[in-house]
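Look at the sequence and the structure below before reading on. The paragraphs that follow go through a few places in turn, beginning with one loop.

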Amino acid sequence: MKKKQTLLGDVLETVTKYFLIAVAVVVLLILLSGIRIVNSGNSAVVLRFGKLVGDNREEQVHEPGLLFAFPYFIDEVITVPTGKVIEQSVTTHYTADGTSLKGIQGGYLITGDQNIVVVSASVKYIIADPVEYALHVKNMTSLIDTAVSNAMVSESAKMEVDSLLTDGKDDFAVVVMKRATEKLVKMGTGVTITAVELTQVAAPEEVRDSFQAVNAASVYAETVVQRAKTYENTRIPEAQAKANATEAEATKQKNAAIGAADRKLAEFTGVAKELASRRAAIYTSHGHDPELVSGCDECDEAYAAIEQAVKARIYTDKYMAVMSKIDIQLIDDDGNKVYIKGQ
């Protein structure tokens with residue numbers, strides 16, 4: 001009986017010894033569980049019973065290296081990848097099997113001119129504030145997707161589909177990045193979006209033919225307008241130049257006609273003054289009143305001879321002027337009139 005008790009005591013002693021060793025190992029492991037290694041490119045923050053440890057940023061943010069903390073049931077160590085750019089695809093408004101509306105799970109974008117487009121994007125972001133990130137972010141992928149998708153919906157409603165599909169894509173991406181970053185800042189995520197690149201922008205398959213037809217019609221309309229403007233810019237100056245030339249020629253002809261009429265009037269006035277002077281001289285030489293225009297047969301006969309001489313002179317001058325214009329010369333040979341063509 002005594003021997004059995006001794007054996008039982010040895011067993012209990014051995015079990016107790018190993019139990020105490022196991023307990024010591026577990027306690028040691030628990031105590032060492034708070035020791036962490038923060039790898040390069042990461043930062044870490046410590047939450048003690050859910051509360052951030054540290055009174056300032058230097059105490060709150062732990063840079064790469066060895067980190068001593070209390071065991072996991074006291075301290076929670078959150079590692080944050082602050083030293084790299086993270087890239088994420090946003091396909092909320094796109095479908096992986098093409099551009100058919102049937103495959104879209106999240107929806108599509110409606111533009112300001114009531115057209116439909118599907119868009120996917122590649123988003124790059126960094127974690128600028130590890131403290132805010134650790135305290136406020138649980139699912140960063142979902143958060144980025146929501147912020148960028150909402151910005152896309154808001155900004156597409158302000159654009160026309162032609163611009164979004166062509167030269168306005170870059171501007172659209174910039175504005176989406178700005179709006180999504182503002183939303184993340186307001187939420188206190190500590191995340192900054194550095195780039196938004198549109199990887200796919202297209203019209204859905206169901207409306208693609210109609211869109212292309214409208215686009216072709218728009219291009220044709222623009223072409224017609226440009227042709228009309230070119231024609232207008234060409235024809236109007238030509239017509240204006242012709243009008244100016246016609247007006248100048250008409251003015252020239254008018255001035256020439258007025259000049260000719262003035263010369264004829266001057267010539268007529270000159271002849272009338274000459275005849276009046278000759279008449280007055282005849283009547284004065286006979287002792288008559290120079291204002292008398294008739295009543296003396298001798299004076300009237302003398303004036304009639306002078307009048308005929310003046311008419312003959314005028315006729316001859318006019319005739320010779322006409323003949324000179326048609327290259328004809330008049331030669332009087334012994335009283336005979338001979339006409340020959342001028343050389």
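**A walk through the model**

Thr166 is found in the loop between α5 (161-165) and α6. The model in which it is seen here is a predicted one. Is Thr166 buried, exposed or partly exposed? Its relative accessible area is 47%, and a residue counts as partly exposed when its value lies between 20% and 50%, so Thr166 is partly exposed. The side chain of Thr166 also makes a polar contact: it reaches the backbone oxygen of Asp162 at 2.4 Å. Along the chain, Thr166 and Val201 are 35 residues apart, and in space their C-alpha atoms are separated by 9.1 Å.

With one residue placed, the whole chain can be described. The protein chain has 343 residues, and buried residues make up 27% of them. Eight helices and eleven strands are found in the chain. The protein chain exposes about 23,200 Å², and 57% of this area is supplied by carbon and sulfur atoms. What share of the contacts between residues at least 6 apart in sequence join residues at least 24 apart? The share is 68%.

Next come the helices. Helix α4 covers residues 140-156, which is 17 residues. From its first C-alpha to its last, α4 reaches 24 Å, close to the 24 Å expected at 1.5 Å a residue. At the start of α4, a side-chain oxygen of Asn139 comes to within 3.3 Å of the backbone nitrogen of Thr141. Several residues of α4 are buried, among them Met140, Leu143, Ile144, Ala147 and Val148. Glu155 and Ser156, towards the end of the residue range, are also among the buried residues of α4.

Helix α6 spans residues 169-186, and Thr181 is found in it. Thr181 has a relative accessibility of 16%. The cut-off for a buried residue is under 20%, so Thr181 counts as buried. Leaving aside residues up to four places away in sequence, Thr181 touches Thr192 and Ile193.

Helices α4 and α6 are also joined through charged side chains. Side chains of opposite charge can pair when their charged atoms come close. By the rule used here, the count comes to four salt bridges. Which residues are linked in a network of salt bridges? They are Glu155, Lys158, Arg179 and Glu182.

The network can be followed one pair at a time. Lys158 forms a salt bridge with Glu155, and the closest N and O atoms of this pair are 3.4 Å apart. The two partners differ in how much of their surface is accessible: Lys158 counts as exposed because its relative accessibility is 59%, while Glu155 counts as buried because its value is 7%. Glu155 also meets Arg179 in a salt bridge, at 3.3 Å from N to O. This pair links distant parts of the chain, since Glu155 lies in helix α4 and Arg179 in helix α6, 24 residues apart. Arg179 is partly exposed, with a relative accessible area of 32%.

From Arg179 the network goes on to Glu182. The salt bridge between Glu182 and Arg179 has its closest N and O atoms 3.8 Å apart. Here both partners lie in helix α6, three residues apart, which is about one turn of the helix. Glu182 has a relative accessibility of 36% and so counts as partly exposed.

The strands come next. One open sheet has three strands in the order β3-β2-β5, with antiparallel pairing. Why is one side of β3 and of β5 left without a neighbour in the sheet? β3 (51-52) and β5 (75-80) stand at the edges and each has a single partner strand, so one side of each has no neighbour there. Strand β2, residues 43-48, pairs with β3 in the antiparallel sense over two bridges. Leu47 stands opposite Leu52, which is in β3.

The last stop is another loop. Gln114 lies in the loop between β7 (109-110) and β8 (116-127). The phi angle of Gln114 is near 65°, a positive value in a residue other than glycine. Is Gln114 buried or exposed? Its relative accessibility is 64%, so Gln114 counts as exposed.

How values were computed: Residues are numbered from 1 along each chain as its sequence is written. This is a predicted model: local features need pLDDT of at least 70, side-chain atom pairs count only at pLDDT 80 or more; totals for chains, interfaces and linings use all residues. Side-chain values use heavy atoms; hydrogens and water are left out. Two strands pair if DSSP finds at least two bridges between them. Helices (H or I, at least four residues) and strands (E, at least two) are DSSP runs, numbered from the N terminus. The expected span of a helix is 1.5 Å times one less than its number of residues. Buried means under 20% relative accessible area, exposed over 50%, partly exposed in between (1.4 Å probe, protein chains only). A polar contact is a pair of N or O atoms within 3.5 Å; within protein, one must be able to donate a hydrogen and the other to accept it, and residues adjacent in sequence count only if both atoms are side-chain atoms. Contact means heavy atoms within 4.5 Å. Accessible areas come from the Shrake-Rupley method with a 1.4 Å probe; for residues, only the protein chains shown count as cover. A salt bridge is a side-chain nitrogen of Lys or Arg within 4 Å of a carboxyl oxygen of Asp or Glu.
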